[in-house]
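Biologist: I should like a close look at a single part of this model, followed by an account of its surroundings. Please begin with the part itself and then move outward.

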Amino acid sequence: MPFNFNDPGNTVEIQQEQQTQQYQNADNQVGQTSTDAAQAADSKIKGLSDTEIKNPDTIIVTVSDPKTPIVVLFGAKTSGKTMTLIRLTKYLEGMGYNVVPDPIFRPDTDMYYQRMCKEFGTLAHSDYAPVGNDVMSFMLVKVISPSGRTLCQILEAPGEHYFDSDIPDRLFPAYIENISHAIKNRKTWMFIVEENWGGSQTVRDLYAKKIQDMQRRIKPMDRIIFTCHKVDKSNHFRPDGRPNISAIFQNIKNQYPHIFDRYVNRNPITRWFSPYNFDFVTFSAGTFNPTGDGRQVYTPGEDFYPEQLWRVIKKNI
Ligand SMILES: Nc1nc2c(ncn2[C@@H]2O[C@H](COP(=O)(O)OP(=O)(O)OP(=O)(O)O)[C@@H](O)[C@H]2O)c(=O)[nH]1
Ligand SMILES: [Mg+2]
């Protein structure tokens, strides 16, 4: 598939644009209550300035490497983006790779992000899942091969900026819009879904709509991965203990209407063995045991999951 790398090579700063007005209009449409809810939700995102909390369209992120492909983790709050990064980091380090946070991604006024970058290694190897003051909302890491080549960048942003069930119609903040169209790096979108997620089919329908919203914005040459996260909670396992991919795929297809429609393979020959133009993978970071003091002991799962995920990422970058 052809990709265009015409970027001048300068830092690409993704910044608020005309979207600010669009965002405010959306808030106006849903009224004061939703605005309050948005601000309440955003106020929980650590490291943002007051202005960024009030208006997420002013959030600045900078991708300083305009060449290396970006893998965008698209998932609602607590969908497992941070734990994916952590589990993948442990796996890749064991294979001789380096996973290095990029401190430039957020302005240096975001002291919280700077601390997350410094402590990323410690958090990735902690016996506890990050909570409270260690919750990771923004993160851009570079994956460097054992031979020193930077293979990809993986980008995490706060889940509520992708989907917030309290404000399901809220537009994507400007920085996410800009990631989708303004920056030139080749992109792979990893859409995170989970069986029986969200508490009701209504919430899943709304999330499915947001996924489709993003799919409409994505460039045709961007690559797509769907990951069914937290698969350890699934009821669909084969006798050999591995996830039953076809049953899980069908369940996701039923529970998140139309999210695959855009990627139906219409080639009359290849569609018989490859009906869709994306990769579908299951993932589990491991097990999480509450301690009683608000923390969770984290035990990484077997390498099978990060190994599969990394194989699929490598194929799509
Ligand atoms: N059972 C199970 N639980 C998981 C798994 N991954 C994450 N979790 C649970 O989900 C919680 C949230 O995971 P995170 O990785 O922090 O979620 P996130 O998508 O980064 O959330 P935000 O940064 O708030 O958008 C964890 O604290 C775990 O309790 C998994 O593979 N299996
Ligand atoms: Mg996170």
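Modeller: Asn254 is found in helix α7; helices here are DSSP runs of H or I with at least four residues, strands are runs of E with at least two, and both are numbered from the N terminus. Asn254 is exposed, because 11 other C-beta atoms lie within 10 Å. The cut-offs are 20 or more other C-beta atoms within 10 Å for a buried residue and 12 or fewer for an exposed one, with partly exposed in between, the C-beta atoms being placed from the backbone. Although Asn254 and Gln201 are 53 residues apart along the chain, their C-alpha atoms are separated by 9.9 Å.

The model is predicted, and local features are therefore reported at pLDDT of at least 70 and side-chain atom pairs at pLDDT 80 or more, while totals for chains, interfaces and linings use all residues. Residues are numbered from 1 along each chain as its sequence is written, with chains lettered from A and ligands numbered from 1 in the order in which they are written.

The loops on either side of α7 each hold a residue with an unusual backbone angle. Most residues other than glycine have a negative phi. Lys230, in the loop between β8 and α7 (245–255), has a positive phi of about 50° although it is not a glycine. Lys230 counts as buried, since 21 C-beta neighbours lie inside 10 Å. In the loop between α7 and β9 (279–282) lies His258, whose phi is also positive, near 70°. His258 counts as partly exposed because it has 13 C-beta neighbours inside 10 Å.

From Lys230 one may step back to β8. Strand β8 (residues 223–228) is largely enclosed by the rest of the structure, because 6 of its 6 residues are buried. Arg223, Ile225 and Thr227 point one way, whereas Ile224, Phe226 and Cys228 point the other way. Such a pattern follows a general rule: in a regular strand the side chains alternate between the two faces of the sheet. Within β8, Ile225 counts as buried because 21 C-beta neighbours lie inside 10 Å. Leaving aside residues up to four places away in sequence, Ile225 touches Thr188, Met190, Phe278, Asp279, Val281, Val312 and Asn316, a contact being a pair of C-beta atoms, placed from the backbone, within 7 Å. The C-alpha atoms of Ile225 and Met190 are separated by 4.7 Å, with these positions 35 residues apart along the chain.

Strands β7 (residues 187–193) and β8 run parallel and are joined by 6 bridges; strands are taken to pair if DSSP finds at least two bridges between them. One of these bridges sets Ile192 against its partner Thr227 in β8. Strand β7 is also joined to β3, by 5 bridges and again in parallel, with Leu73 opposite Met190 in β7. Met190 thus links two parts of this description, standing opposite Leu73 and touching Ile225.

Strand β3 (residues 70–74) is mostly covered, 5 of its 5 residues being buried. Ile70, Val72 and Phe74 point one way from β3, and Val71 and Leu73 the other way. Beyond β7, β3 is joined by 3 bridges to strand β6 (residues 150–156), which runs parallel to it, and there Ile70 stands opposite Gln153.

Elsewhere in the chain, helix α4 (residues 111–124) has 14 residues and reaches 19 Å from its first C-alpha to its last, close to the 20 Å expected at 1.5 Å a residue, the expected span being 1.5 Å times one less than the number of residues. A kink of about 50° is centred on Lys118, the bend being the angle between axes fitted to the seven residues ending at a residue and the seven starting there. Tyr113, Met116 and Cys117 of α4 are buried, and the buried residues of this helix pack against β4 (98–101) and β5 (139–144).

The protein chain as a whole has 8 helices and 11 strands. Of its 317 residues, 38% count as buried. Among contacts with a separation of 6 or more, 75% are between residues 24 or more positions apart.

Terms used. Two residues are in contact if their C-beta atoms, placed from the backbone, lie within 7 Å.
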